[in-house]
Amino acid sequence: MVVRTTSLNSLKNFFPKIHQPLPLTNHESRQLLESITTSFRKNLDKEHPWEPSSIDESASPGSAAPRSRNPLLLKQTSHSPSLDASKRQPVADRHLRTILSNPLFTHQDAKKGPADPLDVFDLAVSRGLMTPRRAAGFLSKVRSGVRGASADEVRQGMARSGAGRKVLQWLRASGLENDLQFLLVSQLPSLLIPFMSAEGLEEIAWGWVARLAPRDGAQAMKWHHDALKALLHSIRKHSSTSYSGSKLSLDRAYEALIRADEVLPKKNEVARRSLEHVWFSLSWISTVLAAERPKPSAPLFESFVDIGRPLGAPLDMAHLELHHPLSPSHTAAVQFMHANAERQHEHQDLALRRRLVCLALDAANRLKQVGDTYEASWVERFLTRIGADGNLSIFMDQIRQASMPSQVPIRRMRYDI
């Protein structure tokens, strides 16, 4: 006898019907979010009651750096009412605001039409596709879209974009700010620093400067020098160029170097090498390319020169004395050329020979201004010998111009630093 089993269909009534939940309407989604937010705030306030004071949301461990003690650099800081307001807010509100402003949670579905770089950035972050190199491309794209008739309008446009703060939030949320290796990515520091400055976040960059050269030199890594050098060069470049791209007086660049000299430990090898590199680049701009910019402040110029005196660079010092804003002197330059008159120049580095030619050109012009024609003639012969020793035909037009009276500054060879 065959026993018939119960049909499987007859068991269907024993199981409840399973349906996929219907999607929530906008009203229901808003109610759910408000309910979760209220519950979260209530429990967080219970665990962490109101605090009388708090730190600024934009600060992070190690982000603050000592301010300059130089009287030339001291500036009065205004009182911020918004900071006081944030201190009076409950912990729950401030914590929620921090979470909701995190780029990991800010992405919304892309809208039809041309892609907004900010939306593209948020989408890449939410999908885990953002990298420091892509962040540099994002900043470049935002910067190219900012227009303004003046440097101040460009600065305001960059500040309104919030691109610098958005990248900083991502660097912190992803943990990349912890070791600062993102500063090694080409172009990222030079693109990020102007946005940070426009948005009032430049103190964070100075915190990075202090972190890259710790007081204990043993903690320094091999890549710290390259990262610190890239950061200091980016600060210097931004300080000497307006937001519209025009070249400014070097006053702010000198101020930045003076502050770096005060912030960085003197006995730290990473700090010393990085600071020297930036000082020599500023020395070149201050002399070889001096005609491209307005004259700097004499006190700041002198402070900059004093930082370089221990570096043992007689050529730089002699050339800088020729470019003192108030009292230029040719004495050190003439002495340097006489001391090196018998040296063979064909084996010298091309950049060094360019610098020597510019020194001689500036000295010849100065000697003619003070009426010392005898020494000026000797300098012209020195210039001719440099051209002959190094076969520097590219300088011969400059050498011939040195003997021609002209109100136009002599055009010098450019050297990319």
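1. The axes spoken of in this note are lines fitted to C-alpha atoms, for helices over the stretch in contact, and the angles between them run from 0 to 180 degrees between N-to-C directions. The model under discussion is a predicted one. On that footing, the axes of α11 and α12 come within 11 Å and cross at roughly 160°. Because angles over 145 degrees count as roughly antiparallel, α11 is roughly antiparallel to α12.

2. The crossing in which α11 passes α12 is left-handed. On the α11 side the contact is made by A253, Y254, L257, A260 and D261, and on the α12 side by L275, V278, W279, L282 and S286. Divided by class, the residues of this contact of α11 with α12 comprise eight nonpolar, one polar and one charged.

3. Turning to α10, this helix covers residues 224–239, and its 16 residues, taken at 1.5 Å a residue, should span 22 Å; the C-alpha atoms at its ends are 22 Å apart, so the expected and modelled spans agree.

4. Helix α10 is mostly covered, with 12 of its 16 residues buried. Among the buried residues are H224, H225, A227, L228, L231 and L232, and the list also includes H233, S234, I235, R236, H238 and S239. The elements against which the buried residues of α10 pack are α8 (188–198), α9 (202–212), α11 (251–263) and α12 (269–287).

5. The pairing of α10 with α11 deserves its own point. The axes of these two helices come within 7 Å and cross at roughly 150°, and α10 and α11 are therefore roughly antiparallel to each other. The crossing of α10 and α11 is right-handed, whereas that of α11 and α12 is left-handed.

6. As to the residues involved, L232, I235, R236, H238 and S239 of α10 meet R252, A253, A256 and A260 of α11. By class, this contact of α10 with α11 has five nonpolar, two polar and two charged residues. Residues A253 and A260 of α11 take part here, and A253 and A260 are also listed in the contact of α11 with α12.

7. A closer look at one residue may help: H238 has its place in helix α10, and, since its relative accessibility is 9%, H238 counts as buried, the limit for that label being under 20%. Leaving aside residues up to four places away in sequence, H238 touches I193, P194, S197, Y243 and R252. Of these, R252 belongs to the α11 side of the contact between α10 and α11.

Definitions and conventions. Residues are numbered from 1 along each chain as its sequence is written. This is a predicted model: local features need pLDDT of at least 70, side-chain atom pairs count only at pLDDT 80 or more; totals for chains, interfaces and linings use all residues. Side-chain values use heavy atoms; hydrogens and water are left out. Helices (H or I, at least four residues) and strands (E, at least two) are DSSP runs, numbered from the N terminus. The expected span of a helix is 1.5 Å times one less than its number of residues. Buried means under 20% relative accessible area, exposed over 50%, partly exposed in between (1.4 Å probe, protein chains only). Contact means heavy atoms within 4.5 Å. Angles under 35 degrees count as roughly parallel, over 145 as roughly antiparallel, 65 to 115 as roughly perpendicular and the rest as oblique. A crossing is left-handed if the near helix is turned anticlockwise from the far one by less than a right angle, and right-handed if clockwise. Ala, Val, Leu, Ile, Met, Phe, Trp, Tyr, Cys and Pro count as nonpolar, Asp, Glu, Lys and Arg as charged, and the others, Gly among them, as polar.
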